[in-house]
Amino acid sequence: MLRVAVLVSGGGTNLQALIDAIDAGKVRNAGIVRVISSSPAAGALKRAVKAGIDTETVCRKEYDSDEDYERALMEAIEGAQPDLVVLAGFLKILPGRIVERYRNRIINIHPSLIPSFCGPGYYGLKVHEEVIKRGVKVTGATVHFVDEGCDSGPIILQKAVYLKNGDTPEILQKRVMEEAEWQILPKAVDLIAQGGVRINGGITETDEE
Ligand code: GRF
């Protein structure tokens with residue numbers, strides 16, 4: 001079984017999608033062994049507890065220095081002995097030491113079609129605001145491996161979502177989640193658990209049907 005640690009900061013709907021897909025047998029040979037939150041107030045923690053998953057909170061402001069915080073975060077991850085670390089709405093930049101330690105074993109879900117509308121400052125509603133402002137007709141979501149850059153690692157899966165007249169950032173955010181994020185995040189974990197993702201020169205090749 002692929003041991004999965006999920007890092008969260010918010011409501012946890014992507015975490016929920018993963019929990020549900022594992023329960024439904026759509027994600028095979030994988031289990032969530034720990035949910036780690038950057039905030040004690042994250043709704044994702046309640047979802048984890050309800051699903052009987054071990055939780056931990058590592059909050060930056062409880063540590064005096066970046067070093068202490070990074071050590072605590074590393075310990076929380078290491079303690080779960082994960083094969084895969086999933087960032088599901090984790091709003092903190094992952095320390096380089098952790099990226100290095102888990103090279104090609106950390107994935108992130110981003111709510112746009114990378115390389116559009118990504119990089120520093122593009123998170124949450126801001127992404128969808130910029131999409132609408134630019135007037136693009138298609139957006140979507142991307143699951144990618146995490147490297148030292150911001151949204152720059154190898155792309156695993158993407159799914160397109162069309163804009164509609166009258167879309168607001170909130171309406172679009174919800175549609176991108178429902179139609180894309182909640183589909184491709186579990187699918188990527190399943191692919192990885194089946195050994196169906198290979199990285200070659202910064203590009204992935206997947207066994208997706
Ligand atoms: C999602 O839009 C995800 O793409 C982004 O943060 C949001 C998290 O939502 N990285 P949730 O906590 O999974 O509901």
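Let's start with the ligand: around it you find Gly-10, Gly-11, Gly-12, Thr-13, Asn-14, Gly-89, Ile-109, Pro-111, Met-177 and Glu-181. Keep in mind, please, that this is a predicted model.

Which residues make polar contacts with the oxygen atoms of the ligand? Gly-12 is one of them, with a backbone N or O atom 2.8 Å from a ligand oxygen. Asn-14 also uses its backbone, and there a polar atom sits 2.9 Å from an oxygen of the ligand. With Glu-181 we move to a side chain, where an N or O atom is 2.8 Å from a ligand oxygen. As for cover, the ligand on its own has 360 Å² of accessible area, and the protein covers 87% of that.

Now to the sheet. It is open and has seven strands, and if you walk across it you meet β3, β2, β1, β4, β5, β6 and β7 in that order, with mixed pairing. The edges are β3, residues 55-57, and β7, residues 155-162; each has a single partner strand, so one side of each has no neighbour in the sheet. On average, neighbouring strands here are turned by 20 degrees against each other, if you ignore direction.

Two helices to show you on this sheet. Helix α1, residues 13-23, packs on it and touches β1 (2-8), β2 (30-37) and β5 (106-110), and its direction makes about 160 degrees with that of β2. Helix α6, residues 169-193, packs on the sheet as well, touching β1, β2, β4 (84-87), β5, β6 and β7. The direction of α6 makes about 155 degrees with that of β7. Some of our ligand neighbours turn up again here: Thr-13 and Asn-14 lie in the α1 range, while Met-177 and Glu-181 lie in the α6 range.

Let me zoom in on β5. Is this strand mostly covered or mostly open? Mostly covered: five of its five residues are buried. Ile-106, Asn-108 and His-110 point one way, and Ile-107 and Ile-109 point the other way. That fits a general pattern, since side chains in a regular strand alternate between the two faces of the sheet. Strand β5 runs parallel to β4, and three bridges join the two. In one of these, Val-85 is paired with Ile-106.

On to β6, residues 138-145, which runs antiparallel to β7 and is joined to it by seven bridges. Gly-140 stands opposite Ala-160 of β7. Thr-142 is also in β6, and its relative accessible area is 0%, so it counts as buried. What does its side chain reach? A polar atom of the Thr-142 side chain lies 3.1 Å from the backbone nitrogen of Ile-114. Setting aside sequence neighbours within four places, the contacts of Thr-142 include Asn-108, Ile-109 and His-110, as well as Leu-157 and Ile-184.

For a residue in β2, take Val-35. Val-35 is buried too, at 0% relative accessibility. Among its contacts beyond four places in sequence are Val-6, Val-8, Leu-15, Ala-48 and Thr-55. From Val-35 to Gly-79 is 44 residues in sequence and 11 Å in space, C-alpha to C-alpha.

Last stop, the hairpin. Strands β8 (197-200) and β9 (203-206) run antiparallel and are joined by four bridges. One of these pairs Val-197 with Thr-206. Two residues sit between the strands, and Gly-201 has a positive phi near 60 degrees.

Conventions. Residues are numbered from 1 along each chain as its sequence is written. This is a predicted model: local features need pLDDT of at least 70, side-chain atom pairs count only at pLDDT 80 or more; totals for chains, interfaces and linings use all residues. Side-chain values use heavy atoms; hydrogens and water are left out. Two strands pair if DSSP finds at least two bridges between them. Axes are lines fitted to C-alpha atoms, for helices over the stretch in contact, and angles run from 0 to 180 degrees between N-to-C directions. Contact means heavy atoms within 4.5 Å. A residue is near a molecule or strand if one of its heavy atoms lies within 4 Å of it. A polar contact is a pair of N or O atoms within 3.5 Å; within protein, one must be able to donate a hydrogen and the other to accept it, and residues adjacent in sequence count only if both atoms are side-chain atoms. Accessible areas come from the Shrake-Rupley method with a 1.4 Å probe; for residues, only the protein chains shown count as cover. Buried means under 20% relative accessible area, exposed over 50%, partly exposed in between (1.4 Å probe, protein chains only).
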